[in-house]
Amino acid sequence: MRRRPPPPPSPLPQRDGIDAVRVRLPADGPWSTVREHLTERLARAGADMVDGMFDAGLFVGADGRAVPEDAPYEPGMFVWFHRELPAEVPVPFPLEIVYRDEHIVVADKPHFLATTPRGGHVTETALARLRRELDVPALGAAHRLDRLTAGLVLFTVRPEERGAYQGLFRDRLVRKEYEAVAPYDPELVLPRTVRSRILKERGVLAAQEIEGEPNAVSRVELIERRPGPERELGRYRLVPGTGQTHQLRVHMTALGVPILGDPLYPEVTDPVPAGDFRRPLQLLARELGFTDPVTGREHRFRSGRSLAAWTAYEDWADGRQ
C-alpha cells in the first residue's frame, strides 16, 4: 500500500501556543467550491461566520495566500485557519521545569492544568503554556496526565524524535511511580498487585471494571499513615504496570480507599464552576525514569510537589490549598 505523503508545513504561525487548524479536502464530494465544503464542515460555526472569515482572508492555502470564497474545489487540497477560542480561566499555579536539554523537557504539572489542548481546555494547557514560555513552537507531548492529576510530564523538542519517546510509553519502558492520599483501612493487606479489566467508554466520564482478561495492573503500597479528622489517612505509593484511563483511581476505589478529592470515583459528582480550584485530587505523578532513546542517557526525575491533604489536611478540606 502506497503511503500518503506528509502534509505541507503550516503557513500560519501558532497563536498563543496553539497550532492553526488544518483541513484536507476529501477526495470525493458534491462541492463545487472550497466555501461550500467549509460551510458544511464548519456547520456549528454557521455560514455567516464562515463567510466573514473568507472576507477577512482567514482561510489560507499551502502558499500562505488567502483562499477566495469562489475558489474551485480541489480534492486533497489543504486549508489552514485559526479557531476563535473562548476565554479560559487561568490556572493560577506554576508549571515548573524539572529538566531541559536539546531533545526533551520534563515539566512538573500542577493540578487542574490539562496536558494538551482538548475540549474546553486549549490555551490553558501545559503544552500551550510551555510553547509560549520557552519559545519552542515545535514542542510536543510524549504522553498525557489527567487534568486533575499533578506531576511529571515528558515533552519532546524535535518533532522527528517524538515517536521514539512516545514508543517508550507504548512499550512500557518508562518507570512510573505515583503518590496518593486516601483513607487508611487496617484490614486492607498491602503491598499488593491489583489486576482487573477496565473499560472506558467514549462520552462516559467514569471508567468501570468488567469481567474478562485483565488489561490493567497496579502495585499499591502503604508509605505511612496518620490520624485524620474522621478516619485515619494513608499515603500510598502506586506503581502502574499498564496505562489504562483512570487506572489508579479505579483500582484504589476497588480496594475501598478512593483517592481524596476524586470527583468521579466512587461516585460522579456535579461539575464544579470554572475557576473553582479547591480540594484538588490527591494524586501525584511522583517519579519518571527511562533510558533516553536518542542519547542513551539514563534519566530519573522526581516531582518536587507535595499533596496538600497530607501536609495540611484542614486547609485542603476547607479549600484553602
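Start in the largest nonpolar core, which has 36 residues. Select Leu139, Phe155, Tyr236, Leu238, Met252 and Leu283: these touch the most other members. Keep in mind that this is a predicted model.

Now colour the elements that build this core. At least two residues come from each of β4 (104–109), α3 (126–134), β6, β7 (175–183), β11 (233–240), α5 (247–254) and β12 (283–291). Look longest at α3, which gives the most, with four residues. In soluble globular proteins, nonpolar side chains tend to be buried together.

**Leu283 and Thr149**

Zoom in on Leu283. Setting aside neighbours within four places in sequence, its contacts include His111, Thr149, Ala150, Tyr178 and Glu179. Also in contact with Leu283 are Ala180, Leu238, Leu248, Arg249, Ile259 and Leu307.

Step across to Thr149. Find this residue in the loop between β5 (140–141) and β6 (150–156). Is Thr149 buried or exposed? Its relative accessibility is 2%, so Thr149 counts as buried, the cut-off for buried being under 20%. What does Thr149 touch, leaving out residues up to four places away in sequence? Show Lys109, Pro110, His111 and Tyr178, then Leu281, Leu283, Leu284 and Ala285.

**The second core**

Next, move to a second, separate core of 16 residues. Among its members are Trp31, Val34, Met53 and Phe81.

Aromatic rings are the next thing to display. How many aromatic pairs does a search of the whole structure find? The search finds ten. Pick Trp31 and Tyr73, a tilted pair with 5.4 Å centre to centre and 40° between the planes. This pair links distant parts of the chain, 42 residues apart. Trp31 sits in the loop between β1 (21–24) and α1 (34–41). Tyr73 sits in the loop between α2 (47–55) and β2 (78–81). Trp31 has a relative accessible area of 16%, so it is buried. Tyr73 is buried too, at 13% relative accessibility.

Now select Phe54 and Phe59. Their rings form another tilted pair, 4.6 Å centre to centre with 45° between the planes. Both Phe54 and Phe59 are buried. Add Phe81 to the selection: Phe54, Phe59 and Phe81 form one aromatic cluster.

**Strands around β8**

Switch to a cartoon view and find β8, residues 192–199. Five bridges join β8 to β10, residues 216–226, and the two strands run antiparallel. Check one bridge: Arg195 has Val217 in β10 as its partner. Then look for β9, residues 208–210. β8 and β9 are also antiparallel, joined by three bridges. Here, Ile198 stands opposite Glu209 in β9.

Stop at Arg226 on the way out. Over which ring does the charged end of Arg226 sit? Show Trp310: the charged end lies 4.1 Å from the centre of its ring.

**Zoom out**

Finish with the whole chain. Count along the cartoon and you should reach seven helices and 13 strands. The C-alpha trace spans about 70 × 45 × 40 Å along its principal axes. Colour by accessibility: of the 321 residues, 44% are buried. Switch on the surface, where the chain exposes about 17,600 Å². Carbon and sulfur atoms supply 48% of that area. Last, draw the contacts between residues at least 6 apart in sequence: 62% of them join residues at least 24 apart.

Terms used. Residues are numbered from 1 along each chain as its sequence is written. This is a predicted model: local features need pLDDT of at least 70, side-chain atom pairs count only at pLDDT 80 or more; totals for chains, interfaces and linings use all residues. Side-chain values use heavy atoms; hydrogens and water are left out. Rings of Phe, Tyr and Trp (its six-membered ring) pair if their centres lie within 6.5 Å; planes under 30 degrees apart count as stacked, over 60 as edge-to-face and the rest as tilted. Buried means under 20% relative accessible area, exposed over 50%, partly exposed in between (1.4 Å probe, protein chains only). A charge sits over a ring if NZ of Lys or CZ of Arg is within 6 Å of the ring centre and within 35 degrees of the ring normal. Contact means heavy atoms within 4.5 Å. Two strands pair if DSSP finds at least two bridges between them. Accessible areas come from the Shrake-Rupley method with a 1.4 Å probe; for residues, only the protein chains shown count as cover. A nonpolar core is a set of buried Ala, Val, Leu, Ile, Met, Phe, Trp, Tyr and Cys residues joined through side-chain atoms within 4.5 Å.
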